[in-house]
Amino acid sequence: LFRSVPNAKERWQDLRIALSDIFNDAISHGAKPLVVYYPLTPILSIPFIEGQEEAKAKLKDYYYTTVSRLESSVRSLGGEFIDATPKIRNAQFKENIMVSPGEYHLNQNGVKVLYSIIRKRLDKMDLKNY
């Protein structure tokens with residue numbers, strides 16, 4: 001059976017405290033924090049799940065809730081945020097970017113794809129003051 005939602009205890013406040021400490025230190029040293037959300041295999045699979053609408057809906061809710069909460073926390077602390085999911089999802093069908101089929105660990109081609117996503121964002125960030 002398809003396991004719909006990753007089993008994890010939500011600890012958003014703990015994450016926010018940790019990010020706050022990291023961001024404050026980074027910003028005080030002239031850096032601009034950038035957080036990249038990289039999806040797990042079930043998240044990459046959402047558009048391709050058939051016949052399990054309830055599981056698909058739960059996964060979508062998990063994904064959108066996670067990304068929106070993470071992005072909100074990151075931005076409120078002065079950081080930048082990227083959700084790599086859409087581009088990784090598309091790239092996996094254009095070339096072999098995973099270590100093996102069904103994986104979510106990137107091979108060298110995948111690292112290049114992820115780098116290109118991050119590089120585009122860095123080019124758009126106002127880093128002149130950093």
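## Exercises on a predicted model

On the other side of H1 from its buried residues, Asp-21, Ile-22 and Ser-28 are exposed. The structure is a predicted model, and the exercises below begin with this helix.

**Exercise 1. Determine which residues of H1 are buried, where they sit around the axis, and what they pack against.**

Step one is to list the residues of H1 that fall under 20% relative accessible area: Trp-12, Leu-19, Ser-20 and Phe-23 are buried. These residues cover an arc of only 110 degrees around the axis, which puts them on the same side of H1. Step two is to find their partners, and the buried residues of H1 turn out to pack against strand E1, residues 34-37, and helix H3, residues 53-76. Finally, looking past the end of the helix, one finds that H1 is followed by Gly-30, whose phi is positive, near 85 degrees.

**Exercise 2. Compare the end-to-end distances of H1 and H3 with the spans expected at 1.5 Å a residue.**

For H1, the 17 residues from 12 to 28 should span 24 Å, and because the end C-alpha atoms are 24 Å apart, the two values agree. For H3, which has 24 residues, the distance from the first C-alpha to the last is 34 Å, close to the expected 34 Å. Just after H3 comes Gly-78, which takes a positive phi of about 95 degrees.

**Exercise 3. Identify the buried residues of H3 and the elements they pack against.**

The buried set consists of Ala-55, Lys-56, Leu-59, Tyr-63, Thr-66, Val-67, Leu-70, Ser-73 and Val-74. Their packing partners are H1, E1, helix H2 (41-45), strand E2 (80-83) and H4. To place these elements in order, note that the chain has five helices and two strands, and that from the N terminus on they run α-β-α-α-β-α-α.

**Exercise 4. Is Ile-88 buried or exposed, and which residues does it touch?**

Ile-88 lies in helix H4, which covers residues 85-91. With a relative accessibility of 0%, Ile-88 counts as buried, because the cut-off for that class is under 20%. Leaving aside residues up to four places away in sequence, Ile-88 touches Tyr-38, Leu-44, Ile-97, Met-98, Val-113 and Ile-117. As a further distance, the C-alpha atoms of Ile-88 and Tyr-37 are separated by 11 Å, although these residues are 51 apart along the chain.

**Exercise 5. Classify the exposure of Ser-116 and give the C-alpha separation between Ser-116 and Asp-126.**

Ser-116 is found in helix H5, residues 108-124. Its relative accessible area is 34%, so Ser-116 is partly exposed. Between the C-alpha atoms of Ser-116 and Asp-126, which are ten residues apart along the chain, the separation is 18 Å.

**Exercise 6. Describe the second largest pocket by volume, lining and residue class.**

The volume of this pocket is about 180 Å³. The lining of the second largest pocket includes Thr-41, Leu-44 and Ser-45, together with Gln-92, Glu-95, Asn-96, Ile-97 and Met-98, and further Ser-100, Pro-101, Gly-102 and Glu-103. Sorted by class, the lining has four nonpolar, six polar and two charged residues.

**Exercise 7. Summarise the chain as a whole by its extent, burial and contacts.**

The C-alpha trace spans about 50 × 35 × 20 Å along its principal axes. Of the 130 residues of the chain, 32% count as buried. Among contacts between residues at least 6 apart in sequence, 67% join residues at least 24 apart.

How values were computed. Residues numbered from 1 in each chain as written. Predicted model: local features only at pLDDT ≥ 70, side-chain atom pairs only at ≥ 80, totals over all residues. Heavy atoms only, no water. 1 Å grid on protein atoms, 1.4 Å probe; cavity = no way out; pocket = protein on both sides within 12 Å on 5 of 7 lines; lining within 4 Å. Points joined across faces, edges and corners; volume = space filled by probe spheres on them. Nonpolar A, V, L, I, M, F, W, Y, C, P; charged D, E, K, R; others polar. Helix = DSSP H or I, 4+ residues; strand = E, 2+ residues; numbered from the N terminus. Expected span 1.5 Å × (residues − 1). Buried < 20%, exposed > 50% of the residue type's maximum accessible area, 1.4 Å probe, protein only. Arc of directions from axis to C-beta. Contact = heavy atoms within 4.5 Å.
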